[in-house]
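Trainee: I've got the structure open. Can you walk me through it?
Mentor: Sure. Let's look first, then talk.

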Amino acid sequence: TGTQSWVKSPVSGTTTKAVSYTINGSASSLKDINGIEVSTDGGISWQAATGTGSWHYDWAVPGDGTYTIKSRVITDAVEGESVPSTITIDSALPTTSGLLGGNETWNGMINISGDVTVPAGSTLTIGAGSSIVFPALSDDQGDGLSGSRAEIIVEDGGTLIIEGVAGNAVTLTSDAATKQAGDWQGIYVQSGGELIMRHAVLEYAVTGVTYEHTAASARTLTLEDSVIREMSGEGVHVTSRSGAQTTLSLLRNSLSNIANRGLNIDSSTSTTTLAGAISDNTISATGFSSVRLNTSQAQHDLSLSGNTLHTVNSGSKTSAQYAGVELYASSVNATSALAKYTLSGNDIYGAAAHGVYVSASSSNVELALRNNQIHDNGHDGVYIYRNRNSVSVELSGNTCLLYTSDAADDWLVVL
């Protein structure tokens, strides 16, 4: 008849733990395809899938056991039944794809096959010395930030705890024989999810940690004593808005070989607050700025201290995105709202543009620069564009050495 369907995921013989599973497949026909049906009991009963040429079926797994998966095509007849594919569900195993059914603790080597989602009310704990291995450029769930790269997704109300110890870190990496940045997606924390990561090595992903706090709740992002390296996107991206009260504890981490920005923080809406410490980190070899801090209406109170920011990039010296530190404040102008930043004891060097770039628009900004080493950058040491706004600047104990021979460059420019 020229009509056929195929089950592509699960691969026959798969054994996994799941309370839900997305079955994927494809179909072709010389006739018009009206729909695809899927059976999880060997053809006794059938359910409608979503899609035709490429299709999926979200299966609520009834319990442990071995299931026979089939698909068939609905044209002007029922035809094109697939070769059977078997999958064994074992609740004693770690969840390597799909939704956690409750709290889990992972130890040892865990081979992931697709997005693993931590739902509300559940906690995933990863023990010291564990290796979590993600498939390169593959995702049998197709959810999250990328449909073609696996990730750990933490939903609102879920918690991910990665608890390595000194000398026995947790590793999250790619399964590729030749690993490359962008092999897998990274960790994605949604809305009010929680993440605590200590003594971990996270490598060869797109963005190491994407943290979105978009609910009117209080949450703390804890990243400490960890390594994030070889990223095709950013090292850490934090978004806070919609009344979120976000606290950051980013301490003693190493971020390196990042194609975009090392740390990128975006906040918005007037009821949002973001505060905390970014201290004793090393951020190096970034394609754009080491650190970008941006707020529109939201209140910031951040301390950056003791960091080494070696921004090795080759962009335009007049473009702020190639600065060591970018700082933007827009419409933070209520009496009770401030964009407050203290930069102390940092070593900021190697940027193609300014060492520190500050731009304020309709905002109240308090900026303190104390005892920083700002040197060997491609343009001005510190550039502050006030745009007729209230920008309070404290300068004390800084050492600023110019690398450029351009007579128009200065260690401090305030406009």
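Trainee: Let's start with tyrosine 383. Is it buried or exposed?
Mentor: Tyrosine 383 is buried, because its relative accessible area is 18% and the cut-off for buried is under 20%. Keep in mind that this is a predicted model.

Trainee: And tyrosine 357, buried or exposed?
Mentor: Tyrosine 357 is buried, at a relative accessible area of 15%.

Trainee: How are the rings of tyrosine 357 and tyrosine 383 arranged?
Mentor: They form a stacked aromatic pair. The centres are 5.4 Å apart, and the planes differ by 5°.

Trainee: Which strands do those two sit in?
Mentor: Tyrosine 357 is in strand β38, and tyrosine 383 is in strand β41, residues 382-385. The two parts are 26 residues apart in sequence, so the pair ties them together.

Trainee: How many aromatic pairs are there in the whole structure?
Mentor: A search of the whole structure gives five. One of them joins tyrosine 328 and tyrosine 357. That pair is tilted, with 5.9 Å between centres and 55° between the planes.

Trainee: Where does tyrosine 328 sit?
Mentor: In strand β35, residues 325-330. Its partner tyrosine 357 is in β38, residues 356-361. The two tyrosines are 29 residues apart, so what you see is a link between distant parts of the chain.

Trainee: Which residues make up the ring cluster?
Mentor: Tyr328, Tyr357 and Tyr383, linked by ring pairs.

Trainee: New topic. How do people find empty space in a model?
Mentor: You roll a probe the size of a water molecule over the atoms, and that shows where empty space is left.

Trainee: How many cavities of 30 Å³ or more turn up here?
Mentor: One, from a search of the whole structure. The largest cavity holds about 70 Å³ of space.

Trainee: What lines it, by class?
Mentor: The lining of the largest cavity has seven nonpolar residues, two polar ones and no charged ones. Among the lining residues are Leu223, Val236, Asn253, Leu263 and Asn281.

Trainee: Val236 is in β26, right? What's that strand's setting?
Mentor: Strand β26 covers residues 236-240. Five of its five residues are buried, so β26 is largely enclosed by the rest of the structure.

Trainee: Which way do its residues point?
Mentor: Val236, Val238 and Ser240 point one way from β26. His237 and Thr239 point the other way. In a regular strand, side chains alternate between the two faces of the sheet.

Trainee: Which strands pair with β26?
Mentor: Strand β23, residues 209-213, runs parallel to β26 and is joined to it by five bridges. Threonine 210 has histidine 237 of β26 as its bridge partner. Strand β29, residues 263-268, also pairs with β26 in the parallel sense, over five bridges. There, valine 236 stands opposite leucine 263.

Trainee: Last one, the largest pocket. How much space does it hold?
Mentor: About 260 Å³. It is lined by 18 residues. Nearest its centre lie Thr22, Asp58, Thr117, Gln141 and Asp143.

Trainee: Which strand gives the most to that lining?
Mentor: β3, with four residues. β3 (20-28), β7 (54-60) and β11 (98-99) each supply at least two.

Trainee: And what is the lining of the largest pocket by class?
Mentor: Four nonpolar, 10 polar and four charged residues.

How values were computed: Residues are numbered from 1 along each chain as its sequence is written. This is a predicted model: local features need pLDDT of at least 70, side-chain atom pairs count only at pLDDT 80 or more; totals for chains, interfaces and linings use all residues. Side-chain values use heavy atoms; hydrogens and water are left out. On a 1 Å grid over the protein atoms alone, a cavity is a set of points where a 1.4 Å probe fits but cannot get out, and a pocket is an open set with protein on both sides within 12 Å along at least five of seven lines; lining residues have an atom within 4 Å of a point. Grid points are joined across faces, edges and corners, and a volume is the space filled by probe spheres set on the points. Ala, Val, Leu, Ile, Met, Phe, Trp, Tyr, Cys and Pro count as nonpolar, Asp, Glu, Lys and Arg as charged, and the others, Gly among them, as polar. Rings of Phe, Tyr and Trp (its six-membered ring) pair if their centres lie within 6.5 Å; planes under 30 degrees apart count as stacked, over 60 as edge-to-face and the rest as tilted. Buried means under 20% relative accessible area, exposed over 50%, partly exposed in between (1.4 Å probe, protein chains only). Two strands pair if DSSP finds at least two bridges between them.
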